[in-house]
Amino acid sequence: MKFSTLLIPTSKETPGDASLASHIYLLRGGFIDSVGDSGLYNFLPLGKKVLDKIRFVVKEELDRAGCQEVALSFVTPESLWRESGRLEKYGRELLRFKDRKENNFVLGPTHEEMMVNLIRRTVKSYKQLPLHLYQINLKFRDEIRPRFGLMRGREFLMKDGYSFHVNREDMQREFAHMEETYKTIFTRLGVDFRVVEADSGAIGGTGSKEFMVLADSGEDTIVICESCEYGANIEAAVAEPKVYDEGVTYISVKMKAHYDEGKSKVIAFVLPEGAELQEVKACKAVGANDLSVSDESAQAPIVVIEQSLGAAVDPHDFDAKEIFYEDISSVKEGDRCVHCGGVLRYTKGIEVGHIFQLGTRYSEALGCHFLDENGKSVPMVMGTYGIGVSRLLAAIIEQNHDERGCIWTRECAPFIVQIIVANMKDEAQKAWGEKLYYEMREKGIEVLFDDRTKRFGSKMRDYELIGIPYAVVMGKNLPEGKVEFITREGMVKEEVGIEDLSLFVEKRVLS
RNA sequence: CGGAGUGUAGCGCAGUCUGGUAGCGCACCUGGUUUGGGACCAGGGGGUCGAAGGUUCGAGUCCUUUCACUCCGACCA
């Protein structure tokens with residue numbers, strides 16, 4: 001396509017509130033446009049092209065893996081959320097509204113309820129199982145504090161898949177199959193990622209794994225083993241238990257645990273000195289939705305003791321009604337791996353995928369049953385699988401950029417090659433540029449032709465900012481029959497003879 | 001929700017203390033000179049100064065109220 005006709009509003013200046021490389025470059029490169037600084041974004045032609053590329057890879061691999069694409073209604077009746085018991089738990093992140101008849105609806109932040117509702121109406125027999133349906137659709141979460149551009153917008157594009165099985169074993173087979181499929185997808189997209197064990201959060205369920213794009217700016221801390229494949233989100237990471245003897249000093253942290261319907265309890269968490277309370281683990285240990293610091297002076301009626309303290313503390317020291325022993329402390333750098341004894345380290349990651357072994361959490365709540373071989377009604381066993389498609393766009397740039405701008409991976413680039421005519425008033429440069437442009441188009445190579453009358457400098461800046469993998473410059477050496485071939489990564493420049501240009505470009509671009 | 005701050009042209013900001021013609025840079029339009037690293041000259045368009053009320057001869061500026069957003073902490077693909 002011709003640059004002069006496309007809406008690509010590049011900008012020299014960095015937008016005020018953008019601090020993350022991906023946010024800055026996507027805005028400056030004219031990929032996205034923010035809507036009123038409130039976590040909402042428009043995708044402009046370049047951004048939409050990248051989004052479609054990612055979507056295509058995701059769809060192709062999922063279809064190959066036997067999943068079926070559907071599109072569920074974005075607006076979902078609140079009653080389904082009430083039925084599943086998630087209305088309260090999801091809370092303020094749900095955007096709720098009424099229609100003209102005063103019926104209550106929510107904008108879907110994830111679609112377990114909708115999907116289960118669909119399946120319970122249409123699937124009745126074990127003969128129809130297993131089934132794996134997915135969609136690539138908008139989601140809305142009314143985030144408390146949207147930031148970092150596409151990384152944490154309120155409206156975002158997500159691929160969400162749901163599988164239904166006759167038993168746990170079959171669900172676990174699909175879970176493993178999806179782990180492999182996701183690895184294929186992220187590898188194809190060209191990102192450096194790591195699969196880690198995770199907490200299941202508000203979705204619920206047991207086994208869960210996250211796919212993390214490794215980047216220093218990531219919001220998640222992940223723990224990885226130096227010696228083996230073990231990796232886990234800090235929220236779920238476990239280490240080889242330490243052994244404490246009786247003389248150990250310990251600290252007690254008093255927290256207020258919040259439950260459904262506004263109920264709360266004060267709980268004391270007891271940790272060895274120097275250890276840190278891991279709130280997600282602590283929530284899980286007491287079945288709470290949330291924890292906050294408690295300033296109550298009274299003795300807490302419930303005490304949870306870090307399990308590794310075991311016999312080292314005397315439970316009679318606490319005047320408590322209930323005492324539990326749980327793993328509630330954060331893994332620290334230098335701790336030992338439970339699998340191989342290797343040293344554990346921290347690193348930062350961006351969560352771009354999450355797969356869950358859901359079990360019967362939703363099928364039971366929503367009455368999604370099937371008849372088995374014996375004619376018995378049984379709840380389906382489910383798995384659920386997500387990929388943050390719009391977030392991936394940001395994650396790819398977070399991992400692939402330099403001080404000049406974006407460096408797109410081949411599968412995601414909006415175009416594969418850009419032709420830059422240094423001076424449009426130079427008839428020879430213009431003619432050779434056009435010739436190559438039409439040849440590339442003829443061969444089905446996605447090409448962006450910078451035919452603007454701007455000066456060379458600003459065209460190069462725009463090229464570097466947008467980050468298309470390759471460029472050809474029709475410039476000052478044209479009279480000697482030479483043009484320049486540029487590889488964006490590293491800005492490597494090569495001189496190429498004009499006679500072999502078309503073949504040369506085709507070979508490099510398609511290799 | 002707790003703490004800090006900001007609202008003035010499409011974007012980034014000055015002007016507010018000390019009331020008196022609405023400013024600057026970038027972007028945009030016209031003409032000309034330029035054309036290998038964000039050119040230059042000349043001319044031009046664009047604003048209910050976040051909103052409402054008040055004080056005053058006169059309010060972007062002072063007073064009151066209100067709304068919005070940003071930044072730092074607890075949630076998530």
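This report walks through the nonpolar cores, a pair of helices and one strand residue in a predicted model.

**Cores**

Let's start inside. The largest nonpolar core has 67 residues, and the members that touch the most others are L26, F31, I54, Y182, F186 and W408. Two domains feed into this core: domain 1 (66-237 + 345-393) and domain 3 (417-510) each supply at least three residues. Another core lies apart from it, made of 24 residues that include W81, M114, L131 and M380.

Want to see what one of those well-connected residues is up to? Take L26: leaving aside residues up to four places away in sequence, L26 touches F31, I32, L150, L393, A394, I397 and W408.

**Two helices that cross**

Now look at α10 and α12. Here is where to find them:

| Helix | Residues | Residues that meet the other helix |
|---|---|---|
| α10 | 427-442 | L436, E439 and M440 |
| α12 | 501-510 | L501, S502 and V505 |

How do their axes cross? The axes of α10 and α12 come within 11 Å of each other and cross at roughly 45°. Because of that angle, α10 counts as oblique to α12. As for its hand, the crossing of α10 and α12 is right-handed.

**A residue in a strand**

Finally, hop over to K493, which sits in strand β28 (residues 492-497). Which residues does K493 touch, not counting those up to four places away in sequence? They are E484, F485 and I486. For a sense of distance, try K493 and F211: they are 282 residues apart along the chain, and their C-alpha atoms are separated by 35 Å.

Notes:
Residues numbered from 1 in each chain as written. Chains lettered and ligands numbered in written order. Predicted model: local features only at pLDDT ≥ 70, side-chain atom pairs only at ≥ 80, totals over all residues. Heavy atoms only, no water. Core = buried A, V, L, I, M, F, W, Y, C linked by side-chain atoms within 4.5 Å. Buried < 20%, exposed > 50% of the residue type's maximum accessible area, 1.4 Å probe, protein only. Domains from an automatic or database assignment. Contact = heavy atoms within 4.5 Å. Axes fitted to C-alpha atoms, helices over the stretch in contact; angles between N-to-C directions. Helix = DSSP H or I, 4+ residues; strand = E, 2+ residues; numbered from the N terminus. Parallel < 35°, antiparallel > 145°, perpendicular 65-115°, else oblique. Left-handed = near helix turned anticlockwise from the far one by under 90°.
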